[in-house]
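Open your viewer, keep the selection box handy, and let's walk through this chain one stop at a time.

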Amino acid sequence: MGKPLLSNKTHLRRFLFYTASLAVMFTGAKILTAMTGKNFLETDFAKTYLSSTTLKALNIGIGHDNSDSRGSHPHEECCKTLMEHMQGHWQHYFVFFDNMSEMILADPSIKESAFPLTSNFLNDTSIQAMYLVEEIHWLHGQGLPLSNQPHPAKSWNFNGRPHCRHRWDTDTDRGISYLSTIGNQCGCGSTTFQPSHSYWLYGDDKKTTTVGIHSTETSESSAKFDQKGGNILAKRSPSLRLARYFARKNQTLCFAGDSVDYQFYFALKNNLHRTELLHQKHFNTSFVNVSSHHYPIEYKTTPGDPLKGYRLGDSDWRIAQEVLETRVIFHDEPDNSFTFQYLKLYGWGPWLYEYMDACDVIIMNLALHYVASGDFPGRTGHTLFDDTQAAITYLTNFSAGAQNRIAIWRSSLPQHFDTHNGHYPSDNNVAQTPCVAIKEDYSPKGKNRTQEYNRVHSSAFEKFCHTNQSSCGNMMYTCTVNTTSMDFRTVYFYWVANNLTVELDRTKHDKANVTGSILLWQLFDLFDVPVWHSSNGDCSHFCYVPALYEAAFQRLELLLGL
């Protein structure tokens with residue numbers, strides 16, 4: 001399947017948006033030079049954030065030149081680091097360390113990773129550089145939203161969210177911890193939540209999540225962490241490294257899935273805005289432009305499955321009406337850009353094939369809108385197992401269809417409802433109580449901890465895919481599929497059911513059996529933190545904790561290095 005047949009109007013809108021962005025970039029570069037008195041690339045921040053040395057040391061991405069600085073076995077090195085990352089754990093520092101009874105009740109395991117956050121610790125310059133001014137105050141326990149409430153942690157229970165950044169598209173301070181909108185959610189509203197200095201600790205030499213991978217730099221910026229501080233977020237952002245990497249390849253990354261994938265789309269935007277805010281804090285200048293827009297989706301036929309006798313109307317909330325798109329352009333390289341998109345898939349939807357085909361890298365997941373029991377039925381009457389088979393068929397064909405295309409399956413994140421398995425209760429009775437840890441007798445804490453959605457996904461992958469010794473802990477699947485299968489809703493099934501003769505004729509000489517690769521972005525362990533959910537009663541979505549999403553994007557960075 002080729003690129004989507006977008007309308008001339010859509011192409012014109014995107015061309016005008018890109019042209020306007022370039023104009024902003026060229027103007028910004030001149031302003032930077034005028035304000036600083038020297039070329040932007042000569043600033044310390046730019047040298048740290050944007051240096052080619054760092055990027056050469058990373059060399060992420062499939063299909064790279066093996067004659068790089070990572071040595072003769074880049075796959076083994078990257079795999080080793082990825083495996084270390086997946087054996088890591090969170091370490092948290094709380095200012096209200098002696099007042100954590102409710103948090104420990106919700107998640108007893110947090111006792112093992114919690115430490116007091118002292119004034120001396122927060123006054124360390126390396127820690128100061130990781131946060132914005134108001135965030136430092138929050139970590140000190142000062143200036144908390146609704147701070148007149150008796151319990152400090154409850155100050156973050158927004159009760160209507162008056163302190164959230166609702167107008168994310170217009171606020172100048174988007175990217176701020178905890179309060180930035182992330183997808184459909186806003187704020188860290190659980191009554192067990194507390195601000196913390198948190199980081200993902202992994203590897204024998206105690207690397208942290210804000211460090212460049214395969215770094216060749218001096219010990220001053222190495223992966224070491226000590227009790228006085230750590231690596232400076234303003235110098236080490238996996239999100240920024242990914243953006244720079246994709247920009248230099250002029251590639252498009254797509255998140256395709258439900259409201260959790262919508263959160264990842266927002267998280268990447270928030271993280272990039274955050275690096276810009278930190279830069280402005282220290283240098284009062286700008287170095288990157290992050291601009292968002294959207295354009296309507298033009299379907300060839302009404303989405304649905306006529307063979308099962310139903311259609312999903314144009315106003316159905318499960319159907320994507322538009323593509324959300326963000327473009328990133330660095331001031332020092334205005335001719336290149338990184339684009340990332342969100343494609344709404346509240347359940348598998350083969351009708352989006354044209355728009356997914358336009359991506360260079362696609363990340364997909366199916367989970368929340370399927371019942372987590374029985375046959376796992378979805379809202380459209382199809383089971384999670386069958387729809388996962390259809391998604392695997394599409395992703396395999398996607399990765400095999402063009403050079404440098406990458407297909408990624410995102411693992412389902414943990415749910416922390418107070419049920420026997422942590423999933424959303426089947427009776428829809430969700431009490432407005434704090435989210436709690438997954439029960440040990442259901443899934444013991446450890447590297448193999450998981451829940452029902454991921455088990456169904458694994459069964460579907462086992463049917464079509466295999467791994468081998470070079471698969472890096474089952475993170476790389478090689479899959480063989482029949483793209484013309486009518487056993488479940490493949491794209492071909494959709495074409496036949498809707499009599500799309502143009503598409504059928506265009507691909508009639510294509511091979512039916514296709515072999516391709518799918519990477520697994522395993523995130524369950526990173527998000528197994530009940531106190532970071534967005535609110536009491538919503539134990540599926542997470543609030544904007546920058547360290548959490550930077551750790552997730554670092555794992556993606558490592559995955560792309562395989």
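Start with the cysteines: taking a disulfide as a pair of cysteine sulfur atoms within 2.5 Å, the count comes to five disulfides. Before zooming in, two notes on what you are looking at. This is a predicted model, in which local features need pLDDT of at least 70 and side-chain atom pairs count only at pLDDT 80 or more, while totals for chains, interfaces and linings use all residues. Residues are numbered from 1 along each chain as its sequence is written, and side-chain values use heavy atoms, with hydrogens and water left out.

**The whole chain**

Color by secondary structure and you will find 16 helices and 19 strands. Helices (H or I, at least four residues) and strands (E, at least two) are DSSP runs, numbered from the N terminus. Of the 562 residues, 61% are buried; buried means under 20% relative accessible area, exposed over 50%, and partly exposed in between, with a 1.4 Å probe and protein chains only. Switch on the surface: about 22,700 Å² is accessible, and 51% of that belongs to carbon and sulfur atoms. Those areas come from the Shrake-Rupley method with a 1.4 Å probe, and for residues only the protein chains shown count as cover. Among contacts (heavy atoms within 4.5 Å) with a separation of 6 or more, 73% are between residues 24 or more positions apart.

**The nine-stranded sheet**

Next, select the open sheet whose strands run in the order β8-β11-β12-β7-β13-β14-β17-β16-β15, with mixed pairing. The edges are β8 (288–296) and β15 (465–466); each has a single partner strand, so one side of each is left without a neighbour in the sheet. Strands of a sheet pair through backbone hydrogen bonds, either parallel or antiparallel. Here two strands are taken to pair if DSSP finds at least two bridges between them.

Zoom in on the β15 edge. Its pairing with β16 (residues 476–482) is antiparallel and spans two bridges, and H466 sits opposite T478 of β16.

**A disulfide at the edge**

Stay here and show C465 and C479, which form a disulfide with their sulfur atoms 2.1 Å apart. C465 belongs to β15 and C479 to β16, 14 residues apart. The torsion about this S-S bond is about 105 degrees, so the disulfide is right-handed. Is C479 buried or exposed? At 0% relative accessibility, C479 counts as buried, and C465 is buried too, with a relative accessible area of 10%.

Now add helix α13 (residues 452–464), which lies across β14 (406–410), β15, β16 and β17 (513–521). Its direction makes an angle of about 65 degrees with β16; axes are lines fitted to C-alpha atoms, for helices over the stretch in contact, and angles run from 0 to 180 degrees between N-to-C directions.

**Across to β11 and α9**

Move along the sheet and select α9 (residues 238–248). How many residues of α9 are buried? Ten of the eleven are, so this helix is largely enclosed by the rest of the structure. Among them are P238, L242, Y245 and F246. The helix lies across β7 (252–257), β11, β12 (338–344) and β13 (361–364), running at about 90 degrees to β11. Just after α9 comes N250, with a positive phi near 50 degrees.

While β11 (residues 322–330) is in view, pick out R327 on that strand. R327 counts as buried, at 9% relative accessibility. Its side chain makes a polar contact of 3.3 Å with that of T339; such a contact is a pair of N or O atoms within 3.5 Å, where, within protein, one must be able to donate a hydrogen and the other to accept it, and residues adjacent in sequence count only if both atoms are side-chain atoms.

**Two more disulfides and an unpaired cysteine**

Select C254 and C359, joined by a disulfide with an S to S distance of 2.0 Å. C254 is in β7 and C359 in the loop between α11 (353–357) and β13, 105 residues apart. This link is left-handed, with -95 degrees about the S-S bond, and both cysteines are buried.

Then jump to C435 and C539, another disulfide, S to S 2.2 Å. The torsion about its S-S bond is about -95 degrees, so this one is left-handed. C435 lies in the loop between β14 and α13 and C539 in strand β19 (residues 538–542), so the pair ties together parts 104 residues apart in sequence. Both C435 and C539 are buried.

For the last stop, select C78. Why does its sulfur have no bond to C472? The sulfur of C472 is the closest cysteine sulfur, but at 7.6 Å it is too far for a bond. C78 is buried, with a relative accessible area of 2%.
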